[in-house]
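User: I'm new to reading structures, so please take me through this one step by step.

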Amino acid sequence: MYPGSLFYNSIRNRTFDSAIFFGPPGTGKTTLARIIAREMDGEFHEINASVTGTKELKELLDSARVRFFGLEKKTTYVYIDEFHRWNRLQQDSLLKALEEGVIRFIGSTTENPYFSVNNAVLSRVRNIYEFRRLSPEQLVTIVRRALEDREKGFGNLEIPYEENALELIGILAGGDARIALDTLGFIVDNLGKGQTITRDLVGEAMQRKSGFYDKKDDRYNLLSALQKSIRGSDPDAAIHYFARLIDGGADIQMIGRRLLVIASEDIGMAYPSAISIVTACVQAASMVGLPEAAINLSQAVILLASAPKSNSVMAAYQAASADLKTKKIDDIPSHLKDAHYQGAKKMGYGAEYKYPHDFGGYVDQQYLPDNLEAQKVKYYRPTENGSEASFKKFLESLENSYDRDKKG
């Protein structure tokens with residue numbers, strides 16, 4: 001949300017309609033809902049679906065109906081936290097009030113609303129807004145503001161702090177502002193007189209080792225060792241470095257990103273399913289959260305370390321990219337150019353293109369630009385490892401049939 005955006009203006013103009021806020025805990029869903037309610041200057045009710053039943057909701061809606069159709073003629077704003085916890089019947093009880101305009105509704109959920117919220121409710125909600133985990137830098141800004149704000153924070157206490165201690169809170173909070181602020185509150189409540197907030201105190205408060213983050217290189221050394229152990233097909237070493245990353249406080253995204261790269265860089269076509277399985281493991285880890293997420297990620301680590309290896313995908317891309325930087329490349333062959341617009345045929349685009357499926361799935365024709373075709377450029381060089389051996393065999397059979405056709 002930024003000044004001038006439709007979202008921002010809808011709040012300022014008091015035209016904000018019903019919405020669903022979707023995202024991980026501690027990303028500001030409840031805070032933003034309260035800000036919106038305050039700006040709307042209307043009756044506001046905040047309830048939690050995990051502790052509020054149909055009876056309480058009916059009473060709230062009856063009261064809102066009296067306010068809307070009575071003398072006040074005002075809409076009631078209702079914020080329902082953890083909306084996904086209500087069953088279908090409870091969710092549907094909002095429908096009539098939404099249709100009549102009796103209430104405007106904001107529901108927040110940590111689960112995908114397209115799976116956890118009834119379609120009838122979704123159809124009556126203008127927008128679904130996704131909230132993402134906050135970056136370490138954003139969390140540091142929030143924590144520093146809490147320390148320095150004299151009106152709503154700890155500013156009047158003038159607590160000394162080390163900048164890198166705030167950075168550690170930002171890293172270890174895992175994108176959750178609630179965890180970051182709760183940690184800060186715990187530290188402040190238990191500081192000795194004149195004591196400074198240090199990295200060691202943050203590590204103690206969050207029950208995590210701070211040594212891993214004393215040198216930023218440490219985490220990258222461990223990630224490097226993890227990748228090289230996987231590349232070397234040593235699952236024992238790979239799981240060792242993975243465990244050290246988790247023990248040191250590395251987050252799911254940091255490890256997950258590296259594993260997804262490894263799946264294509266080091267395994268690639270030797271086991272093409274690796275990228276799908278690793279993606280599923282990383283997504284599962286994000287949904288489960290630590291500490292159990294380590295099990296999902298461990299599966300990905302062991303799978304990658306135990307799979308056949310090939311770097312042919314990366315090598316092919318690097319070779320093609322290098323040619324773009326070092327060679328003058330000829331134009332796209334005319335028969336490959338887009339012919340789906342008026343005038344294309346007059347220019348000869350697509351005129352001689354042979355549709356492979358009309359020839360049984362393969363037909364000999366030029367695809368590379370003229371100069372690269374003349375040089376017989378090869379970027380993808382398949383290995384004999386794992387599944388890639390079958391791709392290599394297939395491509396070689398096409399080349400052989402091409403050679404036979406040329407010889408007649």
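Analyst: Let me begin with a term: two strands count as paired if DSSP finds at least two bridges between them. Please also keep in mind that this is a predicted model.

User: OK, so which residue in S5 is the bridge partner of Ile20?

Analyst: The bridge partner of Ile20 in S5 is Ile128. Strand S1, which covers residues 19-22, is joined to S5 by four bridges, and the two strands run parallel.

User: And what is the order of the strands in the sheet?

Analyst: It is an open sheet of five strands, paired in parallel, and the order is S2-S3-S4-S1-S5. Strand S2 (43-48) and strand S5 (127-130) are the edge strands, each pairing on one side only. On average, neighbouring strands of this sheet are turned by 15° against each other, with direction ignored.

User: Which strands does helix H3 lie across?

Analyst: Helix H3, made of residues 54-69, lies across S2, strand S3 (76-81) and strand S4 (103-109), and it runs at about 170° to S2.

User: Switching topic: how many salt bridges does the structure hold?

Analyst: The structure holds 17 salt bridges. In one of them, the side chains of Glu46 and Arg34 meet at 2.8 Å, N to O. Glu46 belongs to strand S2 and Arg34 to helix H2 (residues 29-40), so this pair ties together parts that are twelve residues apart in sequence.

User: Where is confidence lowest, and where is it highest?

Analyst: The mean pLDDT of the protein is 87, and 94% of its residues reach 70 or more. Confidence is lowest in helix H19 (residues 388-407), with a mean of 80, and highest in helix H16 (residues 293-306), at 96.

User: Last one: which residues form the nonpolar patch on the surface?

Analyst: The patch is formed by Ile332, Leu336, Tyr353, Tyr355 and Tyr367, which together have about 480 Å² of accessible area. Ile332 sits in the loop between helix H17 (312-326) and helix H18 (370-374).

Technical notes. Residues numbered from 1 in each chain as written. Heavy atoms only, no water. Axes fitted to C-alpha atoms, helices over the stretch in contact; angles between N-to-C directions. Contact = heavy atoms within 4.5 Å. pLDDT = per-residue confidence, 0-100. Patch = residues over 30% accessible without salt bridge, like charges linked within 9 Å, V, L, I, M, F, W, Y side chains within 5 Å. Areas by Shrake-Rupley, 256 points an atom, 1.4 Å probe, with all protein chains shown as cover. Salt bridge = Lys/Arg side-chain N within 4 Å of Asp/Glu carboxyl O.
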